[in-house]
Amino acid sequence: MSKNSFGFTTKLVHAGEPDPRIEGAVSMPIFQSSTYEYSGEEQYDDIRYIRLNNTPNHKAIQKKLAAIECAESALVTSSGMSAITATLLTFLKQGDHLLSHKSLYGGTASFILEDLPRYGITFDLIDTTDPSGWSMMLKPNTKVIYAETITNPMLDVPELGAIVDFAKENNLISMIDNTFASPVLFSPAELGFDISLHSCTKYINGHSDIVAGAVIGSDEFIKIITSRMNHFGGSLNPGACFLLHRAIKTLELRMIRQSKNAGQIALFLENHPEILSVNYPGLVSNNSYERAKKYLSGFSAMVSFEVVGGKTRSIKFMDQLDIAINAPSLGGVETLITRPALSSHSGMDPAERVKAGITDSLIRLSVGIESVDDLITDLDQALIKTAS
Ligand SMILES: *Cc1c(COP(=O)(O)O)cnc(C)c1O
């Protein structure tokens with residue numbers, strides 16, 4: 001059987017595994033060695049050294065990541081932010097211009113707003129859910145268009161096909177942060193995106209125990225980005241490679257269960273009298289529902305909502321929960337809850353934040369794999385206890 005024809009879950013388990021297995025080991029061992037005996041390498045990037053991202057642990061996980069998004073190559077990195085910043089700095093230089101979605105993950109937004117201008121790189125913010133305004137923002141020096149598959153924390157899904165077409169028509173490099181969808185729900189390479197980015201800290205690792213990132217794309221692009229990263233130094237250590245490698249095998253099982261739980265919770269919240277509004281792309285009432293159905297094979301497991309009673313009630317409600325842990329980050333097997341105004345988007349200008357829908361009372365839930373009845377019962381008791 002050809003390994004290229006394997007189904008998604010078979011690839012999660014088997015793609016990239018050493019063949020033959022090392023000493024017969026079924027599980028990929030940790031190669032805890034910073035450097036390796038010289039074996040004829042002629043290029044700097046080929047010297048085997050942990051920072052150069054080419055030890056056996058890197059190679060195995062990188063092959064697996066590329067295989068599951070049907071792309072040629074991948075680079076695993078020390079964090080999602082290292083993947084994003086190294087990739088942007090690879091394709092943008094002084095004098096270039098970037099088009100990016102108007103409300104991005106907080107860290108990426110701060111990097112674009114605060115750091116890129118220091119290097120003479122300009123940007124304009126666009127609404128990636130509505131192609132009508134994009135051409136107007138295009139400049140002769142525009143090089144990159146940047147989006148997220150599902151945005152944080154409003155959970156909008158862009159017009160993904162139009163982004164790919166727009167990039168091709170205008171000779172731009174298209175980049176998408178696929179963290180919230182994960183490779184289970186969307187393959188950027190298959191739709192035609194040049195580069196897919198991940199915070200593997202989230203769904204891909206899924207156990208809230210490491211920070212890691214990935215860049216996935218063509219052989220040519222990954223080679224260029226790897227060369228830059230070899231200078232920037234954002235490499236993942238072999239121990240973390242091992243944990244990521246182990247976790248990725250159950251990615252689909254986790255994602256299916258988490259998404260199913262999230263769908264049921266979103267419906268419960270939508271019908272609850274103590275809830276003002278719910279954002280979940282799997283709700284028929286949601287603005288992104290049609291686009292999510294068109295482009296993704298599921299709706300992921302992030303839900304955001306507002307309770308009746310504003311910020312004070314939101315805080316009381318979160319304190320009353322017994323299962324969901326009040327913590328930033330997302331995508332793990334345990335349900336986490338946070339107020340984005342206080343966590344992921346605390347660095348944003350308050351007026352801009354409210355304009356983007358991120359009020360002080362907006363609550364974001366990262367739904368885990370727990371029994372959904374328990375999660376719903378817990379949400380319900382906390383809503384009842386804090387009703388005025
Ligand atoms: C968390 C996150 C990042 C940053 O990843 P780190 O692993 O924390 O560096 C980037 N994009 C999205 C969408 C995220 O959720």
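Q: In which loop does Pro-153 lie?
A: In this predicted model, Pro-153 is joined to Asn-152 by a cis peptide bond, with omega about 0 degrees. The elements on either side of Pro-153 are a strand, S4 (142–148), and a helix, H6. Pro-153 therefore belongs, by the DSSP runs, to the loop between S4 and H6.

Q: Which residue has a positive phi although it is not a glycine?
A: The loop between S4 and H6 holds this residue. Its phi is about 60 degrees. The residue is Leu-155.

Q: Where is Pro-20 found?
A: A cis peptide bond joins Pro-20 to Asp-19, and omega there is about 5 degrees. The helices that flank this part of the chain are H1 and H2, the latter spanning 56–68. Pro-20 is found in the loop between H1 and H2.

Q: How far apart do the C-alpha centres of domain 1 and domain 2 lie?
A: The chain is divided into domain 1, covering 7–248, and domain 2, covering 252–385. Between the C-alpha centres of these two domains the distance is 26 Å.

Q: How many residues does the contact take from domain 1, and how many from domain 2?
A: Domain 1 and domain 2 bury about 2,900 Å² between them. Carbon and sulfur atoms account for 60% of that area. The contact takes 36 residues from domain 1 and 34 residues from domain 2.

Q: Which side chains meet in a salt bridge?
A: Across the interface of domain 1 and domain 2, the rule finds one salt bridge. The cut-off for a salt bridge is 4 Å between nitrogen and carboxyl oxygen. A pair at 3.7 Å, N to O, meets in a salt bridge, and its side chains are those of Lys-294 and Glu-159.

Q: How many residue pairs are in polar contact across the interface of domain 1 and domain 2?
A: The count covers pairs in which both residues are at pLDDT 80 or more. Across the interface, the rule finds 17 such pairs.

Q: Which helices each supply at least two residues of the side of domain 1 that touches domain 2?
A: By class, this side of domain 1 has 21 nonpolar, 12 polar and three charged residues. The helices that each supply at least two of its residues are H1 (8–14), H6 (160–169), H7 (182–185) and H10 (238–248).

Q: Which side chain has an N or O atom 2.7 Å from an oxygen atom of the ligand?
A: The ligand is surrounded by 14 residues, and Met-81, Asp-177, Ser-199, Thr-201 and Lys-202 are the closest. A backbone N or O atom of Gly-80 lies 2.9 Å from a ligand oxygen, and an N or O atom in the side chain of Ser-199 is 2.8 Å from a ligand oxygen. The side chain with the 2.7 Å distance is that of Lys-202.

Key:
Residues numbered from 1 in each chain as written. Predicted model: local features only at pLDDT ≥ 70, side-chain atom pairs only at ≥ 80, totals over all residues. Heavy atoms only, no water. Domains from an automatic or database assignment. Contact = heavy atoms within 4.5 Å. Buried area = accessible area lost by both parts, 1.4 Å probe. Polar contact = N/O pair within 3.5 Å; in protein donor to acceptor, adjacent residues only side chain to side chain. Helix = DSSP H or I, 4+ residues; strand = E, 2+ residues; numbered from the N terminus. Nonpolar A, V, L, I, M, F, W, Y, C, P; charged D, E, K, R; others polar. Near = heavy atom within 4 Å.
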